[in-house]
Structure formats: C-alpha cells, structure tokens
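I opened this notebook to record what I looked up about surface patches and aromatic rings. The entries follow the order in which I went through them.

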Amino acid sequence: MIPNKRSPKFKRNRNPITWLLRHAQMSLSSLGRLSRSPISTAMTAAVIGIALALPSGLHLLVDNVRDLSNTWDGTASVSLFLAESVTDEQAEAVRQQIAQRSDVADTQLIDRSQALAEFRRLSGFGEALDLLDSNPLPAVVLIRPQPQLEGADAYARMAEELQAYREIELAQVDLQWVERLGAITRTFDRAVFILAVLLAGAVLLIVGNTIRLEIQNRHGEIEIVKLVGGTDAFIRRPFLYEGLWHGVLGALIALILVLTALFMLDGPVQRLAGLYQSDFSLAVIDPFSLLGVAFGGPLLGLAGAWLAVGRHLAQIQPE
Amino acid sequence: MIRFDNVAKRYPNGHEGLAGVDLSLHEGEMAFLTGHSGAGKSTLLKLIGLLERATRGQVWVNERNLNKLKTRDIPYHRREVGMIFQDHRLLHDRTVFDNIALPLVVAGMGHAETKRRVRAALDKVGLLKKEKVFPITLSGGEQQRVGIARALVSKPPVLLADEPTGNLDPELSREIMELFLQFNQVGVTLLIATHDVDLIQSFDKRIINLRHGRVADDCAGDPV
Ligand SMILES: Nc1ncnc2c1ncn2[C@@H]1O[C@H](COP(=O)(O)OP(=O)(O)O)[C@@H](O)[C@H]1O
Ligand SMILES: [Mg+2]
C-alpha cells in the first residue's frame, strides 16, 4: 500500500509573542556566553572599537579644522599696493578713507620708506638697493577685515571694490593659507572616507573570524541541535546575536575613545586658539559620525556574523 | 508508518550503503535490524531520519515521501523521529535536564510544559534524581538512558536506535531493551539496529536481517 493522500503538513510555531520571547532569551544568553569569556570578548570589542574610533575621530578632527578655517578672525588680510606717484600724505588719506568702511576692522599704513627699511632688514639685498637712485617699493595699506566677513568670495568682492580707487594699483587678498587648509581638509576628508571603508571591511573580517571560530568550537553542539530538529534559523540566531553584541560593545568603546580624545584635546586646542585670539573650541561634535558609530558598529557586527554563519553552518551536518 | 520501495544508497565515495531494500513497518510495530558489520543497518536508519538521502527508490515515513521533502522541512521531520545512538551524542557542558529538554527548546515549547515533559521522560528512564548532574558523571548505561529520554521527550511517533546497547554489559542491555518494549506498548513505532542476536531472540519481535545492503531474512516474532 502506497499512501496516496497528501502528505500531512508540519506544525510550525508562528506565535509572534513566543517568537519575540525566544529572541529576547537568545540575545541575553548570547550576551551571557560572551561574558563567560571576558578577555577574548574585550579584546575583540577593543579592536572593533579602535577600528570604528579611528575614522570617526579623524572625521571629527577634519570637521573641526574646517570650522576653524571658516571662523578664525584674522584669517585673511588684504594688502593694498598704492601707485608709485602717491605721496605719503595721500597714502594716509587713503588709509583713513578705507578705515571708515564697515567691513574693515583695522588698517595699517606702511609708507615707502618703512617698506624699504623692512625690505632691507628682511631680504638682505640692502646693498643692491643702494645702487638704485630712488625707492622702488610702493606704499602699502594693510587691512584686517571684520571677523564677520566669511569665505573667499567676500574677500574677493572687497578687493574688487578697493581696486576701483585711483590711488590703489593692486588689492591682494592673502587667502593662501586658508585655501591651502581647505585643500588639505578636502584631501583628508577623502582619505578618512577610504580609511573608514577599509576599517569597516576589517571589522567585518574580525567579527566573521570570531564567529567562525565560535562555530568551530560548537561544532558538536550544532550537529546535535540539527539532529533533534533545530531549524537553520534557530541555529543561526545565537551566532548572529553574538556578532551584534560584539558590534555594540565595539561601538561603545569607540564612542568612549572619541569622546575621551576630544576631551583631552580640548584644553590644548583652546590654549592654541587663545594665542590666535580665537574662541575656537573642539567641542563641535558631529552627530552624524557619532550616530554612524552607534549604528554602524552593531550593523557591521551583524553582517560579519551573517557572512561567517552563511559560509560555515551549512557545512555542519549530523552523521 | 515506515516504508522502503526498492531503496538504494550509494555514498559519494562509491560505497554502497544499501543495494535495494523493500520493507514496511506498520504503526506501532517494533522490529530489530540485524546484520554483519557494514550490512547497511546504520544507512537504513539514517535514511529514515534524513541524515542521508536515498539515491534510488522511495522512502515513506509518517505518510510523507522523504524524497520530496524539502531541505528546509528536514528539521520538522526530525522532530517526529526520535534517534538514539551508540555513542549517546550528549552535550557534555549541559546538565541532564538541559540535554533532554533540547528537542523541546528547538521546537519552541514553553518553560512550564518543558519542565513537565522532561521530568516525565526522566521518570520513564528511571533517572529522576539525576536531572541536575552533568552527563560525564553518569555511567554508560545511565548516559544511554539520557539519550533515550531525549529521543522520547517530544513524543515522536517513531523511535530509531542504532546499536543502543553496543557498549553495555548484557544485564544493562536487557534493561534498555525492556525500556523499548515499554515504549512500544504505548504505541511508539520502533526500529532498533543491533548485532546482539542472542538478546533480541528472547523478545519475540520481528527481526529484519540485512546482508550486503539487502534484506536477507525478515521473520515476524511469534506471539507466544
Ligand atoms: N558516510 C559514509 N561514507 C561512505 N561510505 C559509507 C558511509 N557510511 C557507511 N558507508 C558504507 O556503507 C556500507 C554500510 O555501512 P553501514 O550502514 O554503516 O553498515 P552497518 O551499520 O550495518 O555496519 C559500508 O560499506 C560502509 O563502508
Ligand atoms: Mg552501524
């Protein structure tokens, strides 16, 4: 007799409450398992923590430096080179006129003889100058713009306006170091991004390898669970939770590292900023990079565990 | 309940586990499986528990064609087939209670019901006082009882045992076999592989003899 009625369906437990309960139990027991080998857990979490802290810390630093280049007053100065025909009195008159402008904080006139003296002192070409009958250097008005003035564009506009003066031959914005800093921070940004991607890959591998070893250690147990009817999902679950917990612990360590580094750097940075009459402080914490660490860590842990589980669990079959 | 139609099993390395077996066990039947070493006893049991798949023919268990069973359904199938091994296959870092509870835990049974069932299973195998100890502290016979309790705790309709008394002295072996007889009396279908011919002949149950992967003898036990 061959049974020809349809095969009876298997009973499956689909009660969402028991499902949730089982997940809660499983996540706790995974945490418990990790706490039973505290040293290896702490080491794995520390490696993950450092890998997460490095790019986010650097990102914060770059962000802050960019901020600094935007807000530091005295960032830029504008030099006005006056025409050769302009007398010292006329030059002083120009300086007074410019000092009235609302976007100018401070002015200083370096007249032609002062310019010559300074050039002599700084260049070492004094004797060469003696050969000339007249002073070849123009008078210069140095401008320190109002600190509210921000960005290279604003300076360029100011220089353009000043260029319109008949007495002024050349208005030059000394933005060089600001621009350089901008270029450097952009380069660093890119480098930090690449570093972040590489380290995320490293975290995946670290967690994947940790879980792989764990699967090997529990080889016999997995076989027996399969033997008594444990589903793949059931067997996967504790390993996924372990990966997740590794990520959570790593993220915590990373946050502690970054915040500690900020705290320790803040004092010296404020002293440094003080030297430049700036009230800049490192307390600018970018919420996105912190959120990135807080969520990225657990997510990477889970993904790493998933990779290991996918590769290694199917190979274990009871005999 | 269990049915083999011209079943053969060839292992990937070319070894022939079974060469062509026709066999059927009805519900509530108890049978012994004997044969020389390498005759295919273990292979036959593995096909029933889906530890291996047949390479030819059809295997039916609990009215399901195992050939057509999807891989993801195998765990659910195994919950209906209790398996007992010569080497017990216990988890040595868990207590006797936790070992026996495992099939219920993987099936998602509640705590109270699990406790009740594990106690009942322990009672059946006579190990009620040992639930908190670790298997390593038990004798071979006691460990085998733990394995048996684990196999029957989820009340599967089919129990398979592969040389369950292989490591035990004759007296303990007889006790274990008598335990199986008790289960059979409450309606469990049992198939027990053993080479202890002297012992099983005293039980008056069906004996299926395998030779080189085929059924050589199949004698029903005579009711006394
Ligand atoms: N996993 C395996 N891989 C390859 N060959 C196997 C495997 N298991 C069993 N066999 C072969 O199948 C045949 C039957 O083995 P088995 O079913 O274990 O016999 P028994 O349990 O009766 O001693 C033997 O020839 C054995 O070598
Ligand atoms: Mg065998």
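The entries below deal with a nonpolar patch, then with ring pairs, and then with charges over rings.

Entry one, the nonpolar patch. I worked from a predicted model, and in it I looked up a nonpolar surface patch of about 300 Å², which is made by A:Leu54, A:Leu58, A:Leu61 and A:Leu265. I then asked which element gives the patch its largest share, and found that helix 2 of chain A, residues 38-71, contributes 3 residues. A:Leu61 has its place in this helix 2 of chain A, and I noted that A:Leu61 counts as partly exposed because its relative accessibility is 36%, a value between the limits of 20% for buried and 50% for exposed.

Entry two, the ring pairs. I searched the whole structure for aromatic pairs and found 2 over all chains. In the pair formed by B:Phe180 and B:Phe183 the ring centres are 6.2 Å apart and the planes stand at 70°, so I entered the pair as edge-to-face, for which the planes must be over 60 degrees apart. B:Phe180 and B:Phe183 are separated by about one helical turn, because they are 3 residues apart in helix 6 of chain B, residues 170-185. Are these two residues, B:Phe180 and B:Phe183, buried or exposed? I found that both B:Phe180 and B:Phe183 are buried.

Entry three, charges over rings. In chain B I noted that B:Lys9 lies over the face of B:Tyr11, at 5.2 Å from the ring centre, and that B:Arg89 lies over the face of B:Phe85, at 4.1 Å from the ring centre.

How values were computed:
Residues numbered from 1 in each chain as written. Chains lettered and ligands numbered in written order. Predicted model: local features only at pLDDT ≥ 70, side-chain atom pairs only at ≥ 80, totals over all residues. Heavy atoms only, no water. Patch = residues over 30% accessible without salt bridge, like charges linked within 9 Å, V, L, I, M, F, W, Y side chains within 5 Å. Areas by Shrake-Rupley, 256 points an atom, 1.4 Å probe, with all protein chains shown as cover. Salt bridge = Lys/Arg side-chain N within 4 Å of Asp/Glu carboxyl O. Helix = DSSP H or I, 4+ residues; strand = E, 2+ residues; numbered from the N terminus. Buried < 20%, exposed > 50% of the residue type's maximum accessible area, 1.4 Å probe, protein only. Phe/Tyr/Trp six-rings, centres within 6.5 Å; stacked < 30°, edge-to-face > 60°. Lys NZ or Arg CZ within 6 Å of the ring centre and 35° of its normal.
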